[in-house]
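Got the viewer open? Here is a walk through the model, one selection at a time.

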Amino acid sequence: MRLSVVFSAGSEMVHSSHRLALLGTLALGAALMGCRQKSSAPANSIVVGEFASLTGKEATFGQSSNEGLILGIEEANATGGALGKQIHLVVEDDGSTNGEAITIVKKLISRDHVVAVLGEIASGRSLEAAPICQEEKIPMISPGSTNPAVTQKGDYIFRVCFIDPFQGTAMAKFAHDQLHLNRVAVLSSATAPYSAGLAHYFEERFRADGGEIPIEEKYNDGDKDFRAELTAIKAANVQGIFVPGYYSEVGLICAQARELGITAPLMGGDGWESPIMLQLAGAAADNCYYSTHYSPQNTAPNVQSFVKRFQKRWNGETPDAMAALGYDCAGVFVDALKRAGSTDPQALRDAIAATKNYPGVTGVTTIGPDRNAVKPAVIIELEHGESHFLQTVAP
Amino acid sequence: MIEFLQQLLNGISLGAIYALLAIGYTLVYGVLRFINFAHADVFMAGAFIGWYGGQFMPSNSIGSGLAVMGMAMVGTALLGMAIERFAYRPLRSAPTLNVLITAIGVSLLLEYSGQKFFGAAPRHFPPLFPRRDFNVGHLTVSSDQLLVIGVTAVLIVLLQTIIYRTRIGTAMRAVSLNPRAASLVGVNNNRIISFTFALGSALAGAGGILYASNYPAIDPLMGVMPGLKAFVAAVLGGIGSIPGAALGGLVLGIVETFVGGSSLSSGKDAFAFAILIVILLFRPSGLLGRMNVEKV
């Protein structure tokens, strides 16, 4: 919008002298692109690339998964790396901006010559990067993108998490069987493929179980005001609301729903997994439930040991689901690299595809024929500003 | 009917914030004839000043809420004056296009230095004002919504008084009408322009606090979308006209809310901008704007 204002006014102003200057700039740009920047990786190491939302709207996702990944790579390096070499992680930030992923993944592949690309949590940006990795035949492993379309982009694209049909179905079953709800509204984001996917599979299962979805509303990522949608939902008289969005919006949605007098439970998926969610919603998050990949309250010994090592590395921070997925993403990659015996993309791809019963902290991970991980989900209940591990749902 | 009234109320409180911001665009356009794109980021700065101020103040009291709002208004007024002094004044005799591009530059500078200093993750804005929900029949009215509407109304009346009842307001109108003639009769143009920026930015600061108390997630890019909408509101109402900006803000807020509550909810932004196009087709100078031919 802004730019169009400038350019439409500007086109009248480009005189011949300006044109010359413009040509000069273009020539300079071409010259600069000609000289290749040297990669900063130390010699004789295996370079792997990560792209993550370290800043911006979904920053806590990127930061958490990045911390998990770094811990995973560091631990692998401490025990001798892989193939007799150290692994060097190149991290790029996409600023939670759609479109940016394409640029930085191209950069990782052509400039840094990475052997594999690890990343994104947000499905939208994984969907942007996947075709590029597929075309260049560089294996890509997403730690946490749950939209089914991601791995359908090609046989070089993998993920270490479950997918939306499972997550949406699990929440629909939970709403119907455990919370005994029959009339539920769906409020999803129109701009996030993740949200649309979850909403779709939730609705499919909930209707199949005999439930009713009288109203369906949509918002755009970045919206702050949801009173309009929530007022319409309140008028529809529902027993619960399924809000499969990301935490920055869902936190505000919870607060505004309670403010409008909606007491029904709100439910969602792993997009809620952030400390900011509870900060934004506060007491409004009481009586809310979401499905996710892992809980630090899980008493399994490998999980508790991971929590301790993570806290030691990252100033006492407790790893959330995205951190655990990042850690498992690094683990699956290193494991496959060792089995592949070389950094040849084809061999590496085959080794990742052959991953079986890898003992991850987010559950035992097997890569299925469609390159998705088959693993359980957990359901978390929010109450008094805290999250509680409620139950595990098997695949 | 209840739903209709509730949506109307939601729309008015959203529109009131757009109105506050739109007035800032209109004020600057009035004296300098360019769109100050950095305005939306001054709004963001107001919210962040409020966030830091809120750390030292007891929450949930009207006194501290107003004190923080005052602090944000003074802070953003100074920021607005600084932007004018260092970015726009050196370009006073340059073509408007240069100033416009500089404004976009300042806007990006503020947004990304904000990301550098405040971090990009959304922060929770502390509850400054005490909150209560009133139930009138089935209608829920929150004190935040009343506050937004009340403060906006008071500030608009105050602004109209300054512009039409004071000497400095007369000078502002003179500069707006003809800067050269104004300086010939002894008006210090630089001082008036500086004052206009202070005034507009203070309104943005107040808007930032109100917006953040209503939607308590603030981040350095929070101004972008409301800023764009407020710009639309200003053009919709007739750029350069203060009542027009207020009306434009309300119209936009109400339309957005009604579309948002319907089955077309995902298209609410598209509707807001479509209205702009339709109104400009039939009334090119906006709802309350005066028709005049611009010399290019």
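Start by selecting chain A: of its 395 residues, 53% count as buried. Keep in mind that this is a predicted model. The secondary structure of chain A comes to 13 helices and 15 strands. Among its contacts with a separation of 6 or more, 67% are between residues 24 or more positions apart.

**Colour by confidence**

Switch the colouring to pLDDT. Chain A has a mean of 86, with 89% of its residues at 70 or more. Now pick out residues 1-17 of chain A, where the pLDDT is below 50; apart from near neighbours in sequence, this stretch has 10 contacts in the model. Do likewise for residues 26-38 of chain A: the pLDDT is again below 50, and beyond near neighbours in sequence there is 1 contact in the model.

**The parallel sheet**

Next, in chain A, show the 5 strands that form an open sheet in the order 2-1-3-4-5, with parallel pairing. Go to its edges and you'll find strand 2 (86-93) and strand 5 (157-159) of chain A, each of which pairs on one side only. From one strand to the next, the twist averages 25 degrees.

Zoom in on strand 1 (residues 45-52) of chain A, which pairs with strand 2 of chain A in the parallel sense over 8 bridges. To see one position, label A:V47, which stands opposite A:H88 in strand 2 of chain A.

Now add helix 12 (residues 321-340) of chain A. This helix packs on the sheet and touches strand 1, strand 2, strand 3 (117-119) and strand 4 (140-142) of chain A. Its direction makes about 150 degrees with that of strand 4 of chain A.

Which residues does A:F333 touch? Leaving out residues up to four places away in sequence, select A:V48, A:A116, A:L118 and A:I141. A:F333 is also among the residues with the most contacts inside the largest nonpolar core, along with A:A116, A:V117 and A:M140. That core has 210 residues, and the element that gives the most to it is helix 1 (residues 2-32) of chain B, with 15 residues. As background, nonpolar side chains tend to be buried together in soluble globular proteins.

**Two helices with a buried side**

Select helix 13 (residues 345-353) of chain A and show A:L348, A:R349, A:A351 and A:I352, which are buried. Look down the axis of helix 13 of chain A: the buried residues fall within an arc of 165 degrees, so they line one face of the helix. What do the buried residues of helix 13 of chain A pack against? Bring up strand 4, strand 5, helix 12 and strand 12 (363-367) of chain A.

Hop over to chain B and try helix 6 (residues 167-177), whose buried residues are B:A171, B:M172 and B:V175. They cover an arc of only 105 degrees around the axis, which puts them on the same side of helix 6 of chain B. A reminder about helices helps here: an α-helix has 3.6 residues a turn, so residues three or four places apart point the same way. To see what covers the buried residues of helix 6 of chain B, turn on helix 1, helix 5 (143-165), helix 7 (179-184) and helix 8 (189-214) of chain B, which are included in that cover.

**The mixed sheet**

Back in chain A, show the open sheet of 7 strands in the order 7-6-8-9-10-14-15, where the pairing is mixed. Strand 7 (216-219) and strand 15 (386-393) of chain A stand at the edges with a single partner strand each, so one side of each has no neighbour in the sheet. The twist here averages 20 degrees from one strand to the next.

At one end, strand 6 (residues 184-189) and strand 7 of chain A run parallel, joined by 4 bridges. Label A:S189 and you'll see A:Y219 of strand 7 of chain A opposite. Then add helix 9 (residues 247-259) of chain A, which packs on the sheet and touches strand 6, strand 7, strand 8, strand 9 (266-268) and strand 10 (288-292) of chain A. Helix 7 (residues 193-208) of chain A lies across strand 6 and strand 8 (240-242) of chain A, at about 160 degrees to strand 6.

Finish on strand 14 (residues 377-383) of chain A, where 5 of 7 residues are buried. Strand 10 of chain A runs antiparallel to strand 14 of chain A, with 5 bridges joining them; one pair to label is A:T292 and its bridge partner A:V378. Strand 14 of chain A also pairs with strand 15 of chain A in the antiparallel sense over 7 bridges, with A:E381 opposite A:H388. These two strands form a hairpin with 2 residues between them, and A:H384 in the turn has a positive phi of about 50 degrees.

Terms used. Residues are numbered from 1 along each chain as its sequence is written. Chains are lettered from A and ligands numbered from 1 in the order in which they are written. This is a predicted model: local features need pLDDT of at least 70, side-chain atom pairs count only at pLDDT 80 or more; totals for chains, interfaces and linings use all residues. Two strands pair if DSSP finds at least two bridges between them. Axes are lines fitted to C-alpha atoms, for helices over the stretch in contact, and angles run from 0 to 180 degrees between N-to-C directions. Two residues are in contact if their C-beta atoms, placed from the backbone, lie within 7 Å. pLDDT is the predictor's confidence in each residue, from 0 to 100. A residue is buried if 20 or more other C-beta atoms lie within 10 Å of its own, exposed if 12 or fewer, and partly exposed in between; C-beta atoms are placed from the backbone. The arc is that of the directions from the helix axis to the C-beta atoms. A nonpolar core is a set of buried Ala, Val, Leu, Ile, Met, Phe, Trp, Tyr and Cys residues joined through C-beta atoms within 7 Å.
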